[in-house]
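Here's a quick tour of one structure, written for someone who has it open and wants to know where to look.

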Amino acid sequence: MKILCVLYDDPKDGMPKSYALDSLPKIEKYPDGMTLPSPSGRDFNPGDLLGCVSGELGLRKFLESNGHQLVVTSDKDGEGCTADKELVDADIVISQPFFPYYLTRAKMETAPNLKMAITAGIGSDHVDLQAAMDRKVDVVEVTYCNSRSVAEHIVMMIVSMVRDYHTQYAIVNNGGWNIADAVQRSYDVEGMHIGTVAAGRIGLDALRKMKPFDTHLHYFDRHRLPEAVEKELNLTFHDSVESMVKVCDVVTINCPLHPETEHLFDEKMISKMKKGAYIVNTARGKICDKDAIAAALKSGQLSGYAGDVWFPQPAPNDHPWRSMPNHGMTPHTSGTSLSAQTRYADGVREILECFFEKKEIRNQYLIVQNGELAGMGAHSYSKGTATGGSEEAAKYKK
Ligand code: NDP
């Protein structure tokens with residue numbers, strides 16, 4: 001079979017010759033007891049850079065020794081790109097949300113052999129899920145592989161933004177010492193009201209991680225958490241996003257992107273937020289209206305916006321979030337720490353092994369199967385597509 005793997009570019013100076021850490025901490029299980037990916041083998045060292053082109057998700061030896069063809073590229077956007085050319089006879093496509101290969105209906109129609117799209121990570125909104133259902137292309141992702149990595153990033157972003165770390169760091173780098181400049185937007189997180197839109201794996205973990213800061217915690221989700229969890233964290237449940245954002249100093253967005261959540265945070269929703277609130281969005285860029293966010297930062301309705309997700313990706317060079325005031329944006333990195341890469345590379349191999357050996361893929365990994373939303377997909381997504389406008393990614397110039 002032919003496997004097309006779309007990965008981000010190598011480091012500018014080539015692959016690392018050594019790594020900061022010699023080994024990764026050992027993690028036995030995810031918090032709910034789910035086991036980590038368990039492929040039959042591994043052809044890389046845990047902690048290696050795997051998500052870029054030369055890293056190949058550690059798959060080449062395994063695939064080629066089993067008689068398959070692996071094509072890896074980072075050339076994924078614009079007419080005539082390598083990925084589009086290779087797609088036409090591919091059986092399986094692998095792509096990462098950090099650098100998504102937008103698998104639109106039009107692209108799928110060029111690929112009659114396509115059987116499966118694997119997300120090396122979590123969040124399969126870069127695939128037109130409706131088209132995948134219509135064409136019976138299965139969509140799977142590596143559920144839980146980087147959820148806790150993202151929750152750590154959320155904590156980093158809440159604390160760094162509320163305390164205004166970025167300004168202070170810039171002052172030091174510029175040789176300065178003006179403490180008044182450094183602290184005029186700096187607050188404590190303690191005592192703040194923090195709310196998450198969605199309390200799934202990431203949202204709930206982020207709440208748990210923020211609890212020791214002595215904060216008041218809130219959530220909105222389509223399904224309510226068990227009473228014991230609400231009690232443990234002293235959570236306030238809201239039956240609408242509007243009710244929650246009205247009372248929160250910090251709102252973190254942790255739901256998947258699907259037609260129901262696209263542009264959920266538009267001008268109207270932002271106007272209902274407490275004045276001067278902060279948003280941390282590590283879910284998907286398109287859940288927020290980009291111009292409404294930039295305008296709210298300029299007007300002071302929002303005090304800060306941080307996250308690592310954009311639309312499209314890579315974000316065009318003139319994307320307003322690159323230059324808006326009081327932002328703490330990173331490129332899409334939270335779920336692709338070296339620790340997470342090991343887990344999702346293992347997960348992709350586990351999925352491929354199941355597929356080749358005609359064994360069942362874990363139900364938790366399924367988004368679309370046999371023409372229907374399945375597994376996690378049936379629980380968390382709605383039918384339709386959220387890929388509209390993805391061709392704008394071709395505007396990014398290195
Ligand atoms: P989970 O499936 O564990 O959680 C998703 C939660 O979102 C579920 O609780 C689900 O609710 C809820 N949800 C779905 N639709 C809505 C809605 N309309 N309103 C409110 N809640 C909703 O996934 P994770 O927590 O692991 O990941 C969440 C998302 O984060 C991913 O889909 C992905 O987009 C993003 N992500 C980003 C990464 C990054 O690197 N920045 C890495 C990993 C994920 P219910 O099940 O109750 O219906």
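What follows goes through a sheet, a helix, a glutamate and a surface patch. Keep in mind that this is a predicted model.

Let's begin with the sheet. Seven strands make up an open sheet in the order 2-1-3-4-5-12-13, and the pairing is mixed. Strand 2 (69-73) and strand 13 (372-373) sit at the edges with a single partner strand each, so one side of each has no neighbour in the sheet.

Strand 1 is a good one to zoom in on. The table lists its two parallel pairings, with one residue pair for each.

| Partner of strand 1 | Bridges | Sense | Residue pair |
|---|---|---|---|
| Strand 2 | five bridges | parallel | leucine 4 and valine 71 |
| Strand 3 (residues 92-95) | four bridges | parallel | isoleucine 3 and isoleucine 92 |

Is strand 1 buried or exposed? Five of its five residues are buried, so the rest of the structure largely encloses it. You can check this face by face: Lys2, Leu4 and Val6 are buried on one side, while Ile3 and Cys5 are buried on the other.

Now over to helix 12, which spans residues 290-299. At its start, aspartate 289 has a side-chain oxygen that comes to within 3.0 Å of the backbone nitrogen of aspartate 291. After the helix comes glycine 300, with a positive phi, near 90°. In between, the buried residues of the helix are Ala292, Ile293, Ala294, Ala296 and Leu297. And what covers them? The cover includes helix 11 (267-271), strand 10 (277-281) and strand 11 (302-307).

Next stop, glutamate 230. You'll find this residue in helix 9 (residues 227-233). With a relative accessible area of 12%, glutamate 230 counts as buried because that value is under the 20% cut-off. Which side chain does the side chain of glutamate 230 make a polar contact with? The partner is the side chain of tyrosine 219, at 2.5 Å. If you set aside neighbours within four places in sequence, the contacts of glutamate 230 are Tyr219, Arg224, Leu225, Leu235 and Phe237. Tyr219 therefore turns up both in that contact list and as the polar partner of this buried glutamate.

Last, a look at the surface. Trp177, Ile179 and Val183 form a nonpolar patch there, and together they have about 380 Å² of accessible area. Of these, isoleucine 179 belongs to helix 7 (residues 179-183).

Notes:
Residues numbered from 1 in each chain as written. Predicted model: local features only at pLDDT ≥ 70, side-chain atom pairs only at ≥ 80, totals over all residues. Heavy atoms only, no water. Helix = DSSP H or I, 4+ residues; strand = E, 2+ residues; numbered from the N terminus. Buried < 20%, exposed > 50% of the residue type's maximum accessible area, 1.4 Å probe, protein only. Polar contact = N/O pair within 3.5 Å; in protein donor to acceptor, adjacent residues only side chain to side chain. Contact = heavy atoms within 4.5 Å. Pairing = 2+ DSSP bridges. Patch = residues over 30% accessible without salt bridge, like charges linked within 9 Å, V, L, I, M, F, W, Y side chains within 5 Å. Areas by Shrake-Rupley, 256 points an atom, 1.4 Å probe, with all protein chains shown as cover. Salt bridge = Lys/Arg side-chain N within 4 Å of Asp/Glu carboxyl O.
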